[in-house]
Amino acid sequence: MSQDEANAAPLSRFRDLLSQSVAQGRCDKLVMANYQGDDAQLGPDLQRVLVRPVELKGQPHLSFVLRYPTKDITKNLPLAEGIAHVMGWAQAQTFRNAHLHTPTEEVQLAFSKKGKASVRVGKPSNAEAAQARAEAAAAGRPGSAAVVSAPAEAGSAGHNRDKHRFLELSRPFLHELGVTDAHGQLIPAMSRKWKQINKFVEVFAAALARSPLAEQNQIHVVDFGSGKGYLTFAIHDWLRHSMGRDARVTGVELRDELVKLCQGVIGKLQLEGMDYEQGDVREYHPTALNVMIALHACDVATDYAIHLGIRAGAEIIMCSPCCHKQIRPQLLSPHPLRPILQHGIHLGQEAEMLTDGLRAMLLDAAGYDTQVFEFISLEHTNKNKMILAVKRAKAKSNDEVVAQIKDIKAFYGIQDQCLESLLKADGLLPA
């Protein structure tokens, strides 16, 4: 019996297991590893291939992410063609190993040094199972829970959740931004930043899964005040590398030196679908966007960012406000609260709560489901609040929330709130 004849049965079994897992919505990912370097089309430097099921224009596809040392190439193929592509590599032994991950099983196709194929089916390790559940939630697949929650800072639950990450330390952008060293190891001083990056992607992934963008392949993200780009590059890497989405991510930053730094990283890594521009949220006018991010936007800059997101029809708006100055001098300290608000620290806290509470209500009135929760504070501020808004699939009347906003303003003597004024000027709220 020839080697090809001997390998026919295990290859057929692997194909059946792969096809069944995709058809049943149980395929989390397929990793093709131990590349032999002898495929002219793939080239000699390919490291491995990550395959995930996606839905494009209502049709099932497989998304292939080809990982090279300095770049990733994404290709999306119709389901039958994608499976045939995988099996073509398997039959040619282009890769020595293929690992199929489902929530309950890990299937391994392996070739010995003599070319003999074998298929093993086992239970995933605890770490693999946790990662699979997280990735399933991020992708919004049936049976997964996409929940946005505050980060766990202590306790066993927080410790367990900290074991799996949405990004890998080996990703090239992390080294270029100084998060990892030349060997891909986390620099100790950047451990908090690394935790923040992953938590941010986790929150974004859950929001994406329950938004109108859940099954949309093309996504445009604009990150205002993106600074050195830690989170901007992370969102780009996760969307394109991990999820196989045709994403375009734009960082908008006022400081010229940071814009040039990030443009240099983009050029060096040859990142497709990413750019960095110099600009101010008050003057920036994108042609279209799906996700608006503004972290540490000072005072009314947050209002301008939210307004821009609403006006552009963004399906997801993420803000981490700071420096709540506009409302504070307008507060009248209503009678029952006057003894409490006579203390400056309490007045500041009240102004912060009112400012962000009104922003959440205005987003609700504009057609978004909004959450306000604790996030990991940024390195240059101790503020740790996140406003997350996801556009509703169906519109509902905003009369009740508009009336509530009016009552709150009257109670506190608030004459002007920047976001409300901007929305009224555009006719997005009744004057």
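Two strands are said to pair if DSSP finds at least two bridges between them. The model toured here is predicted.

**First stop: strands 1 to 3.** Select strand 1 (residues 29-35) together with strand 2 (residues 48-56); the two run antiparallel and are joined by three bridges. Centre on methionine 32 to find valine 49 of strand 2 opposite. Next, add strand 3 (residues 59-67), which pairs with strand 2, again in the antiparallel sense, over nine bridges. Within this pairing, glutamate 55 has proline 60 of strand 3 as its bridge partner. Strands 2 and 3 form a hairpin with two residues between them. Select lysine 57 in that turn, where phi is positive at about 55°.

**Second stop: helices 1 and 2.** Display helix 1 (residues 3-23) and helix 2 (residues 79-92), whose axes come within 11 Å and cross at roughly 150°. Helix 1 is therefore roughly antiparallel to helix 2, and the crossing is right-handed. To view the contact, show side chains including Leu11, Phe14 and Leu18 of helix 1 and Ile83, Val86 and Met87 of helix 2. The contact residues comprise ten nonpolar, two polar and one charged.

**Third stop: helix 9.** Select residues 301-311, helix 9, in which nine of the eleven residues are buried. Among the buried residues are Asp303, Ile306, His307 and Leu308. Now reveal the elements that cover them, including strand 8 (218-224), strand 12 (316-322), helix 11 (344-365) and helix 13 (418-425). Finally, move just past the end of helix 9 to glycine 313, which adopts a positive phi of about 75°.

Conventions:
Residues are numbered from 1 along each chain as its sequence is written. This is a predicted model: local features need pLDDT of at least 70, side-chain atom pairs count only at pLDDT 80 or more; totals for chains, interfaces and linings use all residues. Side-chain values use heavy atoms; hydrogens and water are left out. Buried means under 20% relative accessible area, exposed over 50%, partly exposed in between (1.4 Å probe, protein chains only). Helices (H or I, at least four residues) and strands (E, at least two) are DSSP runs, numbered from the N terminus. Contact means heavy atoms within 4.5 Å. Axes are lines fitted to C-alpha atoms, for helices over the stretch in contact, and angles run from 0 to 180 degrees between N-to-C directions. Angles under 35 degrees count as roughly parallel, over 145 as roughly antiparallel, 65 to 115 as roughly perpendicular and the rest as oblique. A crossing is left-handed if the near helix is turned anticlockwise from the far one by less than a right angle, and right-handed if clockwise. Ala, Val, Leu, Ile, Met, Phe, Trp, Tyr, Cys and Pro count as nonpolar, Asp, Glu, Lys and Arg as charged, and the others, Gly among them, as polar.
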